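Visitor: Please show me the model, and then let me ask how its labels are justified.

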Amino acid sequence: MLEGGRIGARQAVFLMVSMVLPTAFLFVASVTSHLARQDGWISILLATLAALLIARLAVSLSLRFPGKTLFQFTEEILGRWPGKAVTLLYIWWYIHMNAEIVRQFGSFVVSAFMPETPIIFIELLITAIAAYAVRNGLEVFTRVNEIVLPLILGSVVIIIFLVTPEMNMKNLLPVFEYGAVPVIKGAVMPAAWMGEIVTMAVLIPYLSRAEEAHRIAAAATLITGFFLAVTQVIDIAIFGPEITAGWLFPALNEIRMIHLANYLERLEAIQMGIWVAGGLVKICVFYWAAALGSAQWLELKDYKPLVLPLGAILLAMSITLHDSILDLFDFLGRYWGPYALTIFIAGIPLLLLAVAAARGRGGSPG
């Protein structure tokens, strides 16, 4: 295989959690509150349930073809050229998704901390670091993530503890004031974010024990859903649904409220560093998947020569995709969820599983 690295179950769980949380912490609360109001936490629970089903689908499909990634078993299921067409779609999706992520973090840093800095410099730095990590292989950024993710989760727990006195749980009432439809609409975008667990179909061949894939995917999804639901409750309990929906980064404003004995305050710069580090891990996962898929699509022996060209495409797309951060928010809130869910996260995997079962391709479902 093009990637010689192997990772354990805990490392894989950490990686799948980091694949979602860093950007979700920044953006999900605002978009979900805009649609579901005070019931946003229920939308997160629905999204978690949907993500568990997606995880089951992706892992079951992948385990039918031991040792093969999503980019390889599509050809075995559909035939050479239809399979290559589907693989090319996934390569595009990973590049597009990663360009959106780079833009999200560039917009976050510039909007919240460095308004005088051209966004291209932030994005160039992020892309360069990610390219270096991806060239060094899966094991390298996975081990880095073993340090980064505990910092992210630990900081969230500390923040929850420090902002608890500011919470008013009455802001979460009444439940279902506007009915079920807004709650379902509010679940679409977080479901798309959490549905990125479909990347397990790329990662499974590199697990030290592939038979643990179902447990890994379920654990990662539940951890992610728990932290997103808790942060959604906290944001609404502190600010109310209207203010939460109106802010670009409610989690950042939550941190800015921390004042402990006139000593512990202005923690947002530290938190920014932790979030960006987590975002780099997320970017590395999708960058690596795009490079690996491109090499397998081209039938190369090594993916490393493709890392820099893909980085150039990634950087160019991140700059040109959106005119402003408001345009980015509009795209994420309105279009990204349906686009990702119906095609790449659920649509194509369901089709592949159905065709594989009908044609008797691969082994028994995992």
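**Labels and their cut-offs**

Guide: Arg 209 counts as partly exposed because its relative accessibility is 45%, and the label covers values between buried, under 20% relative accessible area, and exposed, over 50% (1.4 Å probe, protein chains only). This is a predicted model, in which local features need pLDDT of at least 70 and side-chain atom pairs count only at pLDDT 80 or more, while totals for chains, interfaces and linings use all residues. Residues are numbered from 1 along each chain as its sequence is written, and side-chain values use heavy atoms, with hydrogens and water left out.

Visitor: Why is Glu 211 called exposed?

Guide: Glu 211 has a relative accessible area of 57%; the label requires over 50%, so exposed applies.

Visitor: What makes the contact of Arg 209 and Glu 211 a salt bridge?

Guide: The term requires a side-chain nitrogen of Lys or Arg within 4 Å of a carboxyl oxygen of Asp or Glu. For Arg 209 and Glu 211 the N to O distance is 3.0 Å, so the pair qualifies. By this rule the count comes to 13 salt bridges.

Visitor: How do you know that Lys 84 and Glu 299 form a salt bridge, and which parts do they tie together?

Guide: Their side chains meet at 3.7 Å, N to O, so the pair satisfies the rule. Lys 84 belongs to helix α5 (residues 80-112) and Glu 299 to the loop between α13 (268-298) and α14 (307-320), so parts 215 residues apart in sequence are tied together. Helices here are DSSP runs (H or I, at least four residues), and strands (E, at least two) are likewise runs, numbered from the N terminus.

Visitor: Why is Lys 84 called buried?

Guide: Lys 84 has a relative accessible area of 6%, and buried means under 20%, so the label holds.

Visitor: How do you know that Glu 196 and Lys 282 form a salt bridge?

Guide: The closest N and O atoms of Glu 196 and Lys 282 are 3.6 Å apart, so this pair also meets the rule. Glu 196 lies in the loop between α8 and α9 (200-203) and Lys 282 in helix α13, so the bridge links parts 86 residues apart in sequence. Both Glu 196 and Lys 282 are buried.

Visitor: Why is Phe 176 called partly exposed, and where is its place?

Guide: Phe 176 has a relative accessible area of 43%, which lies between the two limits, so partly exposed is the label. Its place is in the loop between α7 (138-163) and α8 (180-194).
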